[in-house]
Amino acid sequence: MDEHDEESAPVDPWAGDGDDDWVETADDAETDTDGTAADAGSSDAAGAQDVADGSTGAGSDPAASTDADGLGPRCYRVLDRADGSLVFVDLDTPEPGPGPEPDEGFEPVRVAADGDAADGYDESVADAVAELEPGYVVTATLRWPDSTAGGDGAADGDSPLARVESLTVERESRYRFIDDAEPMFEAARDAWRDASAAGDGMGSRVTRDTDGEPNGALYVFGEAGARDLFGEFRSGTTPLEPLVERVNDDLDDDDPREVFVLRPPDGAFVAVYIAFERDGLLARTVRDTYL
């Protein structure tokens, strides 16, 4: 996948908005994916404000109150699915605000994903949980089993997995995690080369299609020392949400998007590429290249 980009100054995704618009002030770069113009797109409005037409629900009334063993209803991002569990990221935590501490808020929660009667799910909730994909924004009520009774995870000393008591899908965005991405596309390589030359640990740029319309936001981050930043993004211990919300705020629309987190085989850096349109040509081209 060929990319043609100009140099750009890094953008701090956790900085306050100030008086400058992020999309207008970031140095832009042309993106030509395989010689074809990519669609100019729109963004996924993530967070507690997501309200989508035609959303689907399952389980009990999400407005019902919960006791000390439950939590909800709250807004979550589905981040990953692996080993019979899902990672939910809490989007109703307080805003972390400006500053260099991105780990505030957006707490990850591990949720049972097998979705059968043994997990305490009724059929409608089990079906809804089975259909969740990374990237979805949901409103859910969660409940934790009694860890002293030997629930999931309790036997090996881990915290038990939460169960979904009710669920409504608000936004069908997609998150893709691609390790050993080869070949890494040119825009990401150039952005990392520029950041490294400047002595910066991160770099960013807006990419554009051949008509000059913005179609994506690209971030690159160095993998310093023994740190596994790719794994941290995937597990939610380092949040992706500030990157996504920054773009959402500036583009000011509520369409779903596709977010690609890629790491090349040499592990020198991690690229986070946010396609403004989930089913646009840019997102399709990245999927066709790596998936």
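Among contacts in the protein between residues at least 6 apart in sequence, what percentage join residues at least 24 apart? In this predicted model, the share is 73%. The fold behind that figure is made up of six helices and 12 strands. Of its 291 residues, 51% count as buried, and the accessible surface of the protein comes to about 12800 Å², with 43% of that area belonging to carbon and sulfur atoms.

We can turn next to the interior. In soluble globular proteins, nonpolar side chains tend to be buried together. Here the largest nonpolar core has 26 residues, and those with the most contacts inside it are Phe233, Leu240, Val272 and Ile274. Both helices and strands contribute to this core: α4 (229-235) and α5 (241-251) each supply at least two residues, as do the strands β3 (70-82), β4 (85-90), β8 (174-179), β10 (214-222), β11 (258-263) and β12 (269-275). Leu240 offers a helpful view of the packing, since with neighbours within four places in sequence left aside, this residue is in contact with Leu79, Tyr175, Phe177, Phe233, Val261 and Val272. A second core, separate from this one, has 23 residues, including Tyr76, Leu132, Val138 and Val169.

Strand pairing around β3 comes next. Strand β3 runs antiparallel to β6 (residues 136-143), and six bridges join the two; Gly70 stands opposite Arg143 of β6. Six bridges also join β3 to β4, again in an antiparallel arrangement, and Val78 has Phe88 in β4 as its bridge partner. The hairpin formed by β3 and β4 has two residues between the strands, and in this hairpin Asp83 takes a positive phi near 55°.

Beyond β6, the chain passes through a loop to β7, and Asp146 is found in this loop. With a relative accessible area of 47%, Asp146 is partly exposed. The C-alpha atoms of Asp146 and Pro160 are separated by 8.0 Å, the two residues being 14 apart along the chain. Arg163 has its place in strand β7 (residues 163-172). Despite its charged side chain, is Arg163 buried or exposed? Its relative accessible area is 14%, so Arg163 is buried, the cut-off for that class being under 20%. The Arg163 side chain reaches the backbone oxygen of Leu161 at 2.8 Å.

Helix α6 (residues 281-290) deserves a paragraph of its own. Seven of its 10 residues are buried, so the helix is largely enclosed by the rest of the structure. The buried positions are Leu281, Leu282, Ala283, Thr285, Val286, Arg287 and Tyr290. Their cover includes the strands β8, β9 (202-208), β10, β11 and β12.

Charged pairs complete the picture. Side chains of opposite charge can pair when their charged atoms come close. A search of the whole structure finds 16 salt bridges. In one of them, the side chains of Arg263 and Asp179 meet at 2.9 Å, N to O. Because Arg263 lies in strand β11 and Asp179 in strand β8, this pair ties together parts that are 84 residues apart in sequence. Arg263 counts as buried at 15% relative accessibility, whereas Asp179, at 34%, counts as partly exposed.

A salt bridge within a helix is formed by Arg193 and Asp190, whose side chains meet at 3.1 Å, N to O. These two residues are three apart in helix α3 (residues 186-197), and therefore are separated by about one helical turn. In this pair, Asp190 counts as buried at 12% relative accessibility, while Arg193 counts as partly exposed at 48%.

Arg278 forms a salt bridge with Asp279, and their closest N and O atoms are 2.9 Å apart. Arg278 counts as buried, at 16% relative accessibility, and Asp279 counts as partly exposed, at 35%. Both belong to a network of salt bridges that links Arg174, Arg176, Glu258, Arg278, Asp279 and Arg287. Arg287, one of the buried residues of α6, thus also appears in this network.

Methods:
Residues numbered from 1 in each chain as written. Predicted model: local features only at pLDDT ≥ 70, side-chain atom pairs only at ≥ 80, totals over all residues. Heavy atoms only, no water. Helix = DSSP H or I, 4+ residues; strand = E, 2+ residues; numbered from the N terminus. Buried < 20%, exposed > 50% of the residue type's maximum accessible area, 1.4 Å probe, protein only. Polar contact = N/O pair within 3.5 Å; in protein donor to acceptor, adjacent residues only side chain to side chain. Contact = heavy atoms within 4.5 Å. Areas by Shrake-Rupley, 256 points an atom, 1.4 Å probe, with all protein chains shown as cover. Core = buried A, V, L, I, M, F, W, Y, C linked by side-chain atoms within 4.5 Å. Pairing = 2+ DSSP bridges. Salt bridge = Lys/Arg side-chain N within 4 Å of Asp/Glu carboxyl O.
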